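Colleague: Could you take a close look at one part of this model for me, the aromatic pair, and then walk outward from there to the ligand and a few other spots?

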Amino acid sequence: MPIDARYDPENVFARILRGEIPSDRVYEDADFVAFRDIQPAAPVHIVLVPRGEPPTSPAALREADAGWVGRMVLVASRIAAEQRLAGRGYRLVVNCGDDAGQTVGHLHLHILGGRPLGPVA
Ligand code: 5GP
């Protein structure tokens, strides 16, 4: 997904948030929904998604987004603990644009764990 892509309200995460596509939800609150990735890259692979129409990628974030972005990391760490990943560790990933392999233009955070994950890239 190009870094400068415009938000598409038909993207797969928007459709999951609207309930048009089923998902295996593990967490939700007023601001975020988390569900299991359909193609898990680790024994635990959860995607944490802000509700609404967030920026498409980290490249589009503004100073005013700092509060909810910080909370997103906090929520991710809580979900990781709930998934019993806190003892051995886990990885939080935010992909940005084509070189990172970002495919969905709705900013999101991956929570990965359950095995040694190896080098970042
Ligand atoms: P990205 O590569 O954009 O950082 O991450 C998008 C993620 O969404 C990928 O890991 C992909 O497997 C996941 N994904 C794509 N379509 C669906 C879907 O319909 N349901 C779920 N649960 N995950 C999806």
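Modeller: Let's start with F13, which counts as buried because its relative accessibility is 8%. Bear in mind that this is a predicted model. F35 is buried too, as its relative accessibility is 2%. These two residues are worth taking together, since a search of the whole structure turns up one aromatic pair. The ring centres of F13 and F35 sit 5.5 Å apart and the planes make an angle of 70 degrees, so the pair is edge-to-face. The cut-off behind that label is an angle over 60 degrees. As for where the partners come from, F13 belongs to helix α1 (residues 12-17) and F35 to strand β2 (residues 32-36), so the contact ties together parts that are 22 residues apart in sequence.

Those two elements come up again once you move to the ligand. The ligand takes up the space of the largest pocket. Around that ligand, the elements giving two or more residues to the shell are α1 and β2. Of the elements, α1 gives the most, with three residues. So much for the elements; now the individual residues. The ligand has 15 residues around it, and the ones that come nearest are D37, N95, T103, H108 and H110.

For the polar side of things, go atom by atom. An oxygen atom of the ligand lies 2.8 Å from an N or O atom in the side chain of H108. For the side chain of H110, an N or O atom is likewise found 2.8 Å from an oxygen atom of the ligand. At G101 the backbone takes part: one of its polar backbone atoms is 3.2 Å from a ligand oxygen. As for cover, on its own the ligand has 520 Å² of accessible area, and the protein covers 84% of that.

H108 deserves a second visit. You'll find H108 in the loop between β4 (90-93) and β5 (109-113). With a relative accessible area of 5%, H108 is buried, because the cut-off for that word is under 20%. Besides the ligand contact, the H108 side chain reaches the backbone oxygen of H106 at 2.7 Å. So that one side chain has a polar partner in the ligand and another in the protein backbone.

Now the other spots. R84 sits in the loop between α2 (66-82) and β4. Its phi is near 65 degrees, which is a positive value in a residue other than glycine. R84 counts as exposed, because its relative accessibility is 76%.

Two strand residues round off the tour. H45 is part of strand β3 (residues 44-50), and at 7% relative accessibility H45 counts as buried. Between the C-alpha atoms of H45 and I21 there are 18 Å, with their positions 24 residues apart along the chain. E28 lies in strand β1 (residues 25-28), and with 44% relative accessibility E28 counts as partly exposed. Its C-alpha atom is 9.8 Å from that of V75, although E28 and V75 are 47 residues apart along the chain.

Definitions and conventions. Residues are numbered from 1 along each chain as its sequence is written. This is a predicted model: local features need pLDDT of at least 70, side-chain atom pairs count only at pLDDT 80 or more; totals for chains, interfaces and linings use all residues. Side-chain values use heavy atoms; hydrogens and water are left out. Rings of Phe, Tyr and Trp (its six-membered ring) pair if their centres lie within 6.5 Å; planes under 30 degrees apart count as stacked, over 60 as edge-to-face and the rest as tilted. Helices (H or I, at least four residues) and strands (E, at least two) are DSSP runs, numbered from the N terminus. Buried means under 20% relative accessible area, exposed over 50%, partly exposed in between (1.4 Å probe, protein chains only). A residue is near a molecule or strand if one of its heavy atoms lies within 4 Å of it. A polar contact is a pair of N or O atoms within 3.5 Å; within protein, one must be able to donate a hydrogen and the other to accept it, and residues adjacent in sequence count only if both atoms are side-chain atoms. Accessible areas come from the Shrake-Rupley method with a 1.4 Å probe; for residues, only the protein chains shown count as cover. On a 1 Å grid over the protein atoms alone, a cavity is a set of points where a 1.4 Å probe fits but cannot get out, and a pocket is an open set with protein on both sides within 12 Å along at least five of seven lines; lining residues have an atom within 4 Å of a point. A molecule sits in a cavity or pocket if more than half of its atoms lie within 2 Å of its grid points.
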